Amino acid sequence: MSNEMKRLTAPRSWPVKRKTSTWITKPAPGAHSLEESIPITVVMRDMLGLAGTAKEVRLMLQKKMLKIDGKTARSPKQGIGLMDVLGLPTINSYYRMVLDKRGKLQMVKISEEEAGWKLTRIDDKKTIAGGKTQLNLHDGRNIVLDANQYKTGDVLKITIPEQKILASYSLEKGNTALITSGANVGNVAVVEEYEITRLPSENLVKFIDGKYTTKCNVFIVGNKTSEITLPEEAVL
């Protein structure tokens, strides 16, 4: 499998210029899919402009200047996905990956305090040995708990890299959600109703502004207001 891809065929979610050169770095396999992550080289060079070339990014990695979710980044192909936090402690700069209304992944600058935690959605869960519950999260993490106290679709606010749970946000009326796919991608809306269909089709989430989408496209970002810093265009 090729380690590079042509810029013209890069995922539509990548906010990069298509005709400046032929090739672009392809992210290494990881927690996020190809559509949902961008390699750190592309983020630093093409999106943030904090490096001029891929060589400069490699040098920064060698000096251990870059952190993803609180852990030192080592590979220029390491992907940064939705809600991941990129930290550059040496220059006191921190960013979170979010979505804009064009469906493009974007880095939003955040404070050092906000960079100490992230939001992660429970996409699946199962009972394991000893009657404990394993939560499978959207970013590839697994958290094992003694009690079965959360539902799929709930979002956890966790410290990084320790994974200590600080709070949880449920798919309930009045809570704030980021729509991650579909016609309303990138919109932030307030949940009006979570409709369980009891059919093979996915359950629906309806919002107070009249929009609706399927459950898999909804990422709760807070109760009455968003916990994360959002792009200006998405602020309610």
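Helices here are DSSP runs of at least four residues, strands are runs of at least two, and both are numbered from the N terminus. That gives us the names used below. Keep in mind as you read that this is a predicted model.

**The overall picture**

Let's start with the whole protein chain. Its secondary structure comes to two helices and 19 strands. The C-alpha trace spans about 50 × 40 × 35 Å along its principal axes. A compact globule with 236 residues would have a radius of gyration near 18 Å, and the protein chain, at 18 Å, agrees with that. Of those 236 residues, 47% count as buried. Take the contacts between residues at least 6 apart in sequence: 46% of them join residues at least 24 apart.

**Helix H2 and its surroundings**

Helix H2 covers residues 54-62, and in this helix Val 57, Met 60 and Leu 61 are buried. Looking down the axis of H2, you'd find its buried residues within an arc of 100°, so they line one face of the helix. What do they pack against? The buried residues of H2 pack against helix H1 (40-47) and strand S7 (85-88). Turn to the other side of H2 and you meet Lys 55 and Gln 62, which are exposed. Just after H2 comes Lys 64, with a positive phi of about 60°.

**Two cores**

The largest nonpolar core has 50 residues, and Ile 40, Met 44 and Leu 86 are the ones with the most contacts inside it. H1 gives the most to this core, with five residues. Met 44 is a handy place to look around from: leaving aside its neighbours within four places in sequence, its contacts include Val 57, Met 60, Leu 86 and Leu 88. Gly 49, Leu 50, Ala 51 and Leu 66 are also among the residues in contact with Met 44. Apart from the largest core lies another one, of eight residues, including Leu 137, Leu 145, Leu 156 and Ile 158.

**Two open sheets**

One open sheet has five strands in the order S5-S4-S7-S8-S9, with antiparallel pairing. Strand S5 (71-72) and strand S9 (105-110) stand at its edges with a single partner strand each, so one side of each has no neighbour in the sheet. Further in, S4 and S7 run antiparallel and are joined by two bridges; Ile 68 has Leu 86 of S7 as its bridge partner.

Another open sheet, also of five strands, follows the order S12-S11-S10-S13-S14, and its pairing is antiparallel. Which strands stand at the edges here? They are S12 (142-145) and S14, and each has a single partner strand, so one side of each is left without a neighbour in the sheet. From one strand to the next, the twist averages 35°.

Here are three strand pairs from these sheets, side by side.

| First strand | Second strand | Bridges and sense |
|---|---|---|
| S4 (residues 67-68) | S7 | two bridges, antiparallel |
| S10 (residues 117-127) | S11 (residues 133-137) | five bridges, antiparallel |
| S13 (residues 155-159) | S14 (residues 165-169) | four bridges, antiparallel |

For the S10 and S11 pair, the bridge partner of Asp 124 in S11 is Asn 136. Over in S14, Ser 168 is the bridge partner of Leu 156. The hairpin of S13 and S14 has five residues between the strands, and there Gln 163 takes a positive phi near 70°. Leu 156 also turned up earlier, as one of the eight residues of the other core.

Technical notes. Residues numbered from 1 in each chain as written. Predicted model: local features only at pLDDT ≥ 70, side-chain atom pairs only at ≥ 80, totals over all residues. Heavy atoms only, no water. Pairing = 2+ DSSP bridges. Axes fitted to C-alpha atoms, helices over the stretch in contact; angles between N-to-C directions. Buried < 20%, exposed > 50% of the residue type's maximum accessible area, 1.4 Å probe, protein only. Arc of directions from axis to C-beta. Contact = heavy atoms within 4.5 Å. Core = buried A, V, L, I, M, F, W, Y, C linked by side-chain atoms within 4.5 Å. Rg over C-alpha atoms; globule rule 2.2 N^0.38 Å.
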